[in-house]
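Thanks for making the time, everyone. I would like to walk through one model this morning, so please have the viewer open beside you as I talk.

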Amino acid sequence: MANQYAWGETDQERQRLAVQGDALRSATERLFRAAGIGSGMRVLDCGSGGGDVSVIAGELVGPSGAVLGVDREDANVSAANHRVRVTGLSHIRFEAGDISSPPGGPFDAIVGRLVLMYQPDVEAVLRALVDRLKPGGVMAFMEYEHTPPNKPYMWPRSPAVEKLVGWMDAAFEVLGIQAHLGTRLPSLLRSVGLEPQPPHELTAAVYSGPTATEHQITLVASLSPVLIAHGIASKDELDTFAERVTLDLGPDPVVVAGPHLAVWARKPTNL
């Protein structure tokens, strides 16, 4: 069973993930192309959320392939299935489940983005996923390198954003979210019998202009229940955050979130 998801499961959070997904889309597509994900393949997307990663995979495999996204939250599954229905992507579907007990394969590829960090026993999850992967199949993940206390890259400097980063560090600690998952990816994949394929790519999500400010405000709104429940931030601090960060960042900021490491690996044909 996964740890508590830090950001909640709301329409607002799905919109935040969509903005994040736009920022990481190019790097995610490069990862999948490097792994050889293409026409006709059957793909499992782990922790599919609003479906952003599944849609990228679906575009690569085309209508002759199939993508199954798995998420433990029914609301996410419903929203993602509605999304692909209205866009006519009939070869992509979503179902509720936990990736520690993945659906039956075999799959040609298993993918995920910022999902292994929420698994208390990452190796156990990866072993379960390897069992669903065809011999010669590929696994491709992008994961966050959480290194508290970190100083975020941004312009101009914002005390409010720096305060938010400290809140996030504290929330990750109390929720037991995995640190250093990005740099651990190659060894973790190797530990379950896969063969990581260099070069690995380091990337980040870059937000600019009003999107940068709105993203910080939405982060706080999504994280607020955890911050209050664990005494990390006061209601007054949270209620005034939007005003403070808007003043700090001004009209034309840049805020960088990351880093994230993208790694893919192949399952040996004899495994």
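I will go through the core, an enclosed helix, a pair of packed helices and then some backbone details, and please keep in mind throughout that this is a predicted model.

Let me begin with the nonpolar core. The largest one holds 81 residues, and within it F32, I37, L126, M139 and F141 are the residues that touch the most other members. If you ask which helix gives the largest share of this core, it is α5, residues 159-175, with 8 residues. To see what one of these positions looks like, take I37, which, once its neighbours within four places in sequence are left aside, is in contact with F32, V43, L60, V61, A109, V111 and V138.

Two of those partners, L60 and V61, are among the buried residues of helix α2, so this helix is a natural place to go next. How many of the residues of α2, which runs over residues 52-61, are buried? The count is 9 of the 10, and the helix is therefore largely enclosed by the rest of the structure. By name, the buried ones are D52, V53, S54, V55, I56, A57, G58, L60 and V61. The cover over them includes helices α1 (11-34) and α3 (74-86), together with strands β1 (42-46), β2 (66-71), β3 and β4. Following α2 comes G62, which has a positive phi near 70°.

Now to a pair of helices. In general, two packed helices are described by the angle between their axes and the distance between those axes. For α7 (residues 209-229) and α9 (residues 241-249), the angle is about 155° and the axes lie 10 Å apart. Because an angle over 145 degrees is taken as roughly antiparallel, that is how α7 and α9 are described relative to each other. Their crossing is right-handed. On the α7 side the residues involved are T213, Q216, I217 and V220, and they meet F241, A242, V245, T246 and L249 of α9. Sorted by class, this contact has 6 nonpolar and 3 polar residues, with no charged ones.

Two of the α9 residues just named, V245 and L249, turn up again as partners of S158, which also touches D248, not counting residues up to four places away in sequence. S158 sits in the loop between β6 (153-155) and α5, and, with a relative accessibility of 0%, it counts as buried.

That loop also brings me to the backbone. As a reminder, most peptide bonds are trans, and most residues other than glycine have a negative phi. In the loop between β6 and α5 we find P156, and the peptide bond leading to it from W155 is cis, with omega near -5°. A second cis bond runs from G105 to P106, with omega near 5°, and P106 is placed in the loop between β3 (92-96) and β4 (107-113).

Finally, which residues have a positive phi although they are not glycine? One is L114, at about 55°, in the loop between β4 and α4 (122-130); another is H180, at about 60°, in the loop between α5 and α6 (181-191). As for their surroundings, L114 has 15% relative accessibility and so counts as buried, whereas H180, at 38%, counts as partly exposed.

Notes:
Residues numbered from 1 in each chain as written. Predicted model: local features only at pLDDT ≥ 70, side-chain atom pairs only at ≥ 80, totals over all residues. Heavy atoms only, no water. Axes fitted to C-alpha atoms, helices over the stretch in contact; angles between N-to-C directions. Helix = DSSP H or I, 4+ residues; strand = E, 2+ residues; numbered from the N terminus. Parallel < 35°, antiparallel > 145°, perpendicular 65-115°, else oblique. Left-handed = near helix turned anticlockwise from the far one by under 90°. Contact = heavy atoms within 4.5 Å. Nonpolar A, V, L, I, M, F, W, Y, C, P; charged D, E, K, R; others polar. Core = buried A, V, L, I, M, F, W, Y, C linked by side-chain atoms within 4.5 Å. Buried < 20%, exposed > 50% of the residue type's maximum accessible area, 1.4 Å probe, protein only.
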